[in-house]
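User: I would like to learn how to read a structure like this one, taking the features one by one. Could you start with a charged pair and then move out to the overall fold?

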Amino acid sequence: AGAVDEIHAYLAPVLLGAGLGAVGDLGVSTLAGAPRFTTHDVRRLGEDVLVVARASPSAHPLTTVPSTTPEQES
């Protein structure tokens with residue numbers, strides 16, 4: 001539905017076992033059809049890592065949302 005324009009993914013060096021998935025079924029069956037994002041920022045937070053990614057200009061239709069910056073929202 002184009003509702004995702006930025007992803008914040010936290011990675012931690014810990015194994016928890018099985019759990020809930022972060023994203024439900026998007027109806028994508030190949031990597032070529034998967035929504036694409038571009039890494040915008042990577043930060044180390046102690047032993048964890050934060051990856052911020054934004055929808056690529058050539059993103060899959062699921063992610064084509066015009067992005068705004070805080071300056072544009074004012």
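**Reading charged pairs and strands**

Analyst: In this predicted model, Asp41 has a relative accessible area of 23% and therefore counts as partly exposed, since the partly exposed class lies between 20% and 50%. The side chain of Asp41 takes part in a salt bridge with that of Arg43, at 2.6 Å from N to O.

User: What is the general idea behind such a pair, and how many salt bridges does a search of the whole structure find?

Analyst: Side chains of opposite charge can pair when their charged atoms come close. The search of the whole structure gives 3 salt bridges. Besides the one between Asp41 and Arg43, there is a salt bridge between Glu47 and Arg44, with an N to O distance of 3.5 Å, and both Glu47 and Arg44 are exposed. Another joins Arg54 to Glu6, where the closest N and O atoms lie 2.7 Å apart. This pair links distant parts of the chain, for Arg54 sits in strand 3 and Glu6 in strand 1, 48 residues apart.

User: Are Arg54 and Glu6 buried or exposed?

Analyst: Each falls in between: Arg54 counts as partly exposed because its relative accessibility is 33%, and Glu6 is likewise partly exposed, with a relative accessible area of 32%.

User: Which order do the strands take in the sheet?

Analyst: A general point helps when one looks at any sheet: in a regular strand the side chains alternate between the two faces of the sheet. Here the 3 strands form an open sheet in the order 1-3-2, with antiparallel pairing. Strand 1 and strand 2 are the edge strands, each pairing on one side only. Direction ignored, neighbouring strands of this sheet are turned against each other by 20° on average.

User: How many bridges hold each pairing, and which residues stand opposite one another?

Analyst: Strand 1, residues 6-11, pairs with strand 3, residues 48-55, in the antiparallel sense over 6 bridges, and within this pairing Tyr10 stands opposite Leu50 of strand 3. Strand 2, residues 37-45, runs antiparallel to strand 3 and is joined to it by 8 bridges; among the partners, Thr39 is matched with Ala53 in strand 3, and Leu45 with Asp48.

User: What lies between strand 2 and strand 3?

Analyst: These two strands form a hairpin with 2 residues between them, and in the turn Gly46 has a positive phi of about 65°.

User: How should I put this together for the whole protein, and which pattern does it follow along the sequence?

Analyst: The secondary structure consists of 1 helix and 3 strands, and read along the sequence the pattern is β-β-β-α. Among contacts between residues at least 6 apart in sequence, 65% join residues at least 24 apart, and the salt bridge of Arg54 with Glu6, whose residues are 48 apart, gives you a named pair that spans such a separation.

User: What share of the residues counts as buried, and how much accessible surface is there?

Analyst: Of the 74 residues, 12% count as buried. The accessible surface of the protein comes to about 6100 Å², and carbon and sulfur atoms account for 58% of that area.

Notes
Residues are numbered from 1 along each chain as its sequence is written. This is a predicted model: local features need pLDDT of at least 70, side-chain atom pairs count only at pLDDT 80 or more; totals for chains, interfaces and linings use all residues. Side-chain values use heavy atoms; hydrogens and water are left out. Two strands pair if DSSP finds at least two bridges between them. Helices (H or I, at least four residues) and strands (E, at least two) are DSSP runs, numbered from the N terminus. Buried means under 20% relative accessible area, exposed over 50%, partly exposed in between (1.4 Å probe, protein chains only). Contact means heavy atoms within 4.5 Å. Accessible areas come from the Shrake-Rupley method with a 1.4 Å probe; for residues, only the protein chains shown count as cover. A salt bridge is a side-chain nitrogen of Lys or Arg within 4 Å of a carboxyl oxygen of Asp or Glu. Axes are lines fitted to C-alpha atoms, for helices over the stretch in contact, and angles run from 0 to 180 degrees between N-to-C directions.
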